[in-house]
Amino acid sequence: QLQDITGEQAGMQQITPLGKKRFTKGMDFSSGVYSFAGKLDAETSGIVYITEGWADMVTIFTCTSTPTIFGVNASNIPVIVPKLRRQYPNAKFIVCADNDEPGLKAAKASKLPYIVPTEVGKDWNDIYRALGQQAVLNELRNVTKPSGGMFQLLAEVRTRSPDWIADGILESDSLAIIFFLC
């Protein structure tokens, strides 16, 4: 069962025994449809994972007991993210995408931290079935932060001691123009 951001039923997804996915005829994806496992309400804080597929949602929720959202497919993730952020303002969303071109594109477009399995072409359920729960948990530690922002939170700024070319005068990673007056 899929819902829209207001919590109203928007439709259903059925998966045939051969793995073909079928959605309710005429379902409007533009409203941002999704489903979820775990407790998810306006007070939800902490990590909430967003996956592309239903099996991935079940896998990650089963492995972590952390609220997990089924985003329906890769192209729907950038549609639902802004709506989810407004609906659950205290949640720290992380996209768990498939390691393929549509998954990576959607994860980056979401502008959220994201994780993909290390093996190309695999999703989270593939990792669980091949390697088990601990492998999923290990891979979930490999969060990639979104790039491209002009600003960074002060708490995330990391400083380091300078590497000097001329001790105390000229740093190696700086642009310096020195003028000599004669």
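Five strands form an open sheet of mixed pairing in the order β5-β7-β6-β8-β9, where two strands are taken to pair if DSSP finds at least two bridges between them, and where helices (H or I, at least four residues) and strands (E, at least two) are DSSP runs numbered from the N terminus. The edge strands of this sheet are β5 and β9, each of which pairs on one side only. The model is a predicted one, in which local features need pLDDT of at least 70 and side-chain atom pairs count only at pLDDT 80 or more, while totals for chains, interfaces and linings use all residues. Residues are numbered from 1 along each chain as its sequence is written, and side-chain values use heavy atoms, with hydrogens and water left out.

Strands of a sheet pair through backbone hydrogen bonds, either parallel or antiparallel. At the β5 edge, three bridges join β5 to strand β7 (residues 68-70) in the antiparallel sense, and F36 has I69 in β7 as its bridge partner. Strand β6 (residues 46-51) runs parallel to β8 and is joined to it by six bridges, with I47 standing opposite K92 in β8. On to the other edge, β8 pairs in the parallel sense with strand β9 (residues 114-115) over two bridges, and C96 has I115 in β9 as its bridge partner. Between these two strands the chain crosses from β8 through helix α3 (residues 101-109) to β9 in a right-handed β-α-β crossover; right-handed here means that, with the strands pointing away from the viewer, the path from the first strand over the helix to the second runs clockwise.

Strand β8 (residues 91-96) is largely enclosed by the rest of the structure, because five of its six residues are buried. Buried denotes under 20% relative accessible area, exposed over 50%, and partly exposed in between (1.4 Å probe, protein chains only). C96 is buried, with a relative accessible area of 0%, and C63 also counts as buried, at 7% relative accessibility. The count of disulfides comes to zero, a disulfide being a pair of cysteine sulfur atoms within 2.5 Å.

The loop between β5 (35-37) and β6 contains T44, which at 8% relative accessibility counts as buried. A polar atom of the T44 side chain lies 2.7 Å from the backbone nitrogen of D41. When residues up to four places away in sequence are not counted, T44 touches K39, N90 and A91, contact meaning heavy atoms within 4.5 Å.

T62 is placed in helix α1 (residues 54-64) and, at 48% relative accessibility, counts as partly exposed. A polar atom of the T62 side chain lies 2.7 Å from the backbone oxygen of V58. From C-alpha to C-alpha, T62 and G38 are 9.6 Å apart in space, with their positions 24 residues apart in sequence numbering.

For the protein chain as a whole, the secondary structure comes to five helices and 11 strands, and 36% of the 182 residues count as buried. Among contacts between residues at least 6 apart in sequence, 53% join residues at least 24 apart. The accessible surface of the chain comes to about 11,800 Å², of which 54% belongs to carbon and sulfur atoms; accessible areas come from the Shrake-Rupley method with a 1.4 Å probe, and for residues only the protein chains shown count as cover.

Definitions and conventions
Polar contact = N/O pair within 3.5 Å; in protein donor to acceptor, adjacent residues only side chain to side chain.
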